[in-house]
Amino acid sequence: MSGNDSIRKTLWVAFSLSIVCAVLVSGAVVLLQPVQEKNKALDRKLNILAAAGLLQEGVSVEDQFKNVQTRIVDLRTGKFADDALADGFDQRKAAKDPAQSDALTPEEDIAKVFRREHYSLVYLLKDAQGEIGKIVLPVRGYGLWSTLRGYIALEADANTVAGIGFYEHGETPGLGGEVDNPRWKAVWPGKQVYRDGEVKISLIKGTVDPAAETAAWQIDGLAGATLTSRGITNLVHFWLGESGFEPFLKNLRAGDA
């Protein structure tokens, strides 16, 4: 066999292998996509239940989620807008789409989200009588190294915190990464969001003095993670403020959502 024939054969084998591998990878992606979507939906439900303090070990997540009603809210009006969007609404994509979101000014954008989507998913947990027991809201904002994404849960009064949890972030382990620490998350339930009509809940430096007049609106700061702590305060203030869910929560309390 000549040298040229050997080179051509080698190139042909390499090309053939590349085609076969590409077909296999493409096929795997198509076949696994439904499984990935199902796992993603299950993980979302798990995080919503965990933020609300309702996740039970040993009980199917799907069964626990049966009492959760998923609704869509128009953030521009604070009203439900379930008919405005089709099934499969992707809020993360909507936030990047100029047709489905608004750019924020530096003064408005305290959480560094850059754009606020027109519509948001919200989750209403119903009690045995069918009344709203908890309200779970998606939140996000920039910390030290990353955008933290999670949920904050409120009691039916739309003011008392039921819990908080972050399912995605890139903060420093042992410092800002302490947002995942159950002990830190346990200080949130029972805290108050609003005072005299303004968002007052904030992370402070150090530990909250339970005897302080402002203790009900204060959260223990994350030791050694000042910027992450400030980022969490900012994202809570943004999403529970006038540019976020505050108009919706007011309408909900008034029975006018």
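Hi everyone, let's start with one residue: Glu62 is partly exposed, at 37% relative accessibility. Please keep in mind that we are looking at a predicted model.

So who is the partner of Glu62? The side chain of Glu62 meets that of Lys45 in a salt bridge, with 2.9 Å from N to O. Glu62 sits in helix α2, residues 61-64, while Lys45 belongs to helix α1, residues 3-51, so this pair ties together parts that are 17 residues apart in sequence. And is Lys45 buried or exposed? Lys45 is buried, with a relative accessible area of 15%, which is under the 20% cut-off.

A word on the background: side chains of opposite charge can pair when their charged atoms come close. In this model the count comes to 12 salt bridges.

On to another one. Glu168 and Arg149 meet through their side chains at 3.7 Å, N to O. Here we have two strands: Glu168 lies in β8, residues 161-168, and Arg149 in β7, residues 147-155, so the pair links parts 19 residues apart in sequence. Glu168 is partly exposed at 32%, and Arg149 counts as buried at 16% relative accessibility.

My last pair is Glu213 and Arg195, whose closest N and O atoms are 3.2 Å apart in a salt bridge. Glu213 lies in the loop between β11 and β12, and Arg195 in strand β9, so parts 18 residues apart in sequence are tied together. Glu213 is exposed, with a relative accessible area of 65%, whereas Arg195 is partly exposed at 25%.

And one network to finish: salt bridges with shared partners join Arg92, Arg149 and Glu168. Thanks for listening!

Terms used: Residues numbered from 1 in each chain as written. Predicted model: local features only at pLDDT ≥ 70, side-chain atom pairs only at ≥ 80, totals over all residues. Heavy atoms only, no water. Salt bridge = Lys/Arg side-chain N within 4 Å of Asp/Glu carboxyl O. Helix = DSSP H or I, 4+ residues; strand = E, 2+ residues; numbered from the N terminus. Buried < 20%, exposed > 50% of the residue type's maximum accessible area, 1.4 Å probe, protein only.
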